[in-house]
Amino acid sequence: MRVIALGYLALLLAVPLAMIFYRTLERGLGAFLDQIRHAGPASRRSDLSLTIVAIVVPINVVLGVVTALALARGTFPG
């Protein structure tokens with residue numbers, strides 16, 4: 001049963017990632033690199049996105065671990 005559950009979760013992760021890589025590279029790696037090199041200034045500015053990621057990911061990790069510990073160790077009505 002565990003293998004089935006982990007396989008299903010792996011499939012939920014693998015299929016979207018495979019589609020992203022396929023769509024990104026369907027015209028070849030050279031076309032992908034050309035698009036990155038000739039991107040406009042607005043698409044090159046990723047400062048805000050990286051700042052948000054640097055703030056949100058640690059917060060999500062801490063809150064996720066605290067929630068997991070509370071659910072695993074605590075008893076709740078219902």
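## Leu25 and the nonpolar patch

Leu25 has its place in helix H1, and in this predicted model its relative accessibility of 37% makes it count as partly exposed, because that value falls between the 20% and 50% limits. Leu25 is also one of the residues of a nonpolar patch on the surface, in which it is joined by Leu13, Leu17, Ile20, Phe21, Leu29, Phe32, Leu33 and Ile36, and which together has about 830 Å² of accessible area.

Two elements give two or more residues to this nonpolar patch, namely helix H1, which covers residues 2–25, and helix H2, which covers residues 29–37. The element that gives the most is H1, with five residues.

## Overall fold and extent

The protein holds four helices and zero strands, so that the pattern read along the sequence is α-α-α-α. Its radius of gyration is 20 Å, whereas the globule rule gives 12 Å for 78 residues; the value is well over that figure, and the protein is therefore more spread out than a compact globule. Along the principal axes, the C-alpha trace spans about 55 × 35 × 15 Å.

Burial and surface composition can be described alongside these dimensions. Of the 78 residues in the protein, buried ones make up 1%, and the area that the protein exposes comes to about 7,300 Å², with carbon and sulfur atoms supplying 72% of it.

## The salt bridge in helix H2

The count of salt bridges comes to one, and it is formed by Asp34 with Arg37, whose closest N and O atoms are 3.1 Å apart. Both Asp34 and Arg37 lie in helix H2, where they are three residues apart, or about one turn of the helix.

The two partners fall into separate accessibility classes: Asp34 is partly exposed, with a relative accessible area of 36%, while Arg37, at 53% relative accessibility, counts as exposed because its value is over 50%.

## Phe76 after helix H4

Phe76 is placed in the segment after helix H4, the element that covers residues 47–73. With a relative accessible area of 53%, Phe76 is exposed, since the cut-off for that class is over 50%. If residues up to four places away in sequence are not counted, Phe76 touches Ala70 and Leu71.

A distance to the nonpolar patch can be given through Leu17, one of the patch residues: Phe76 and Leu17 are 59 residues apart in sequence, and their C-alpha atoms are 36 Å apart in space.

## Confidence of the prediction

The mean pLDDT of the protein is 89, and 96% of its residues reach 70 or more. Among the elements of the protein, the highest mean pLDDT is that of H1, at 94, and the lowest is that of helix H3, residues 41–44, at 71. Helix H1, with this highest mean, is also the element that gives the most residues to the nonpolar patch.

Terms used: Residues numbered from 1 in each chain as written. Predicted model: local features only at pLDDT ≥ 70, side-chain atom pairs only at ≥ 80, totals over all residues. Heavy atoms only, no water. Patch = residues over 30% accessible without salt bridge, like charges linked within 9 Å, V, L, I, M, F, W, Y side chains within 5 Å. Areas by Shrake-Rupley, 256 points an atom, 1.4 Å probe, with all protein chains shown as cover. Salt bridge = Lys/Arg side-chain N within 4 Å of Asp/Glu carboxyl O. Buried < 20%, exposed > 50% of the residue type's maximum accessible area, 1.4 Å probe, protein only. pLDDT = per-residue confidence, 0-100. Rg over C-alpha atoms; globule rule 2.2 N^0.38 Å. Contact = heavy atoms within 4.5 Å.
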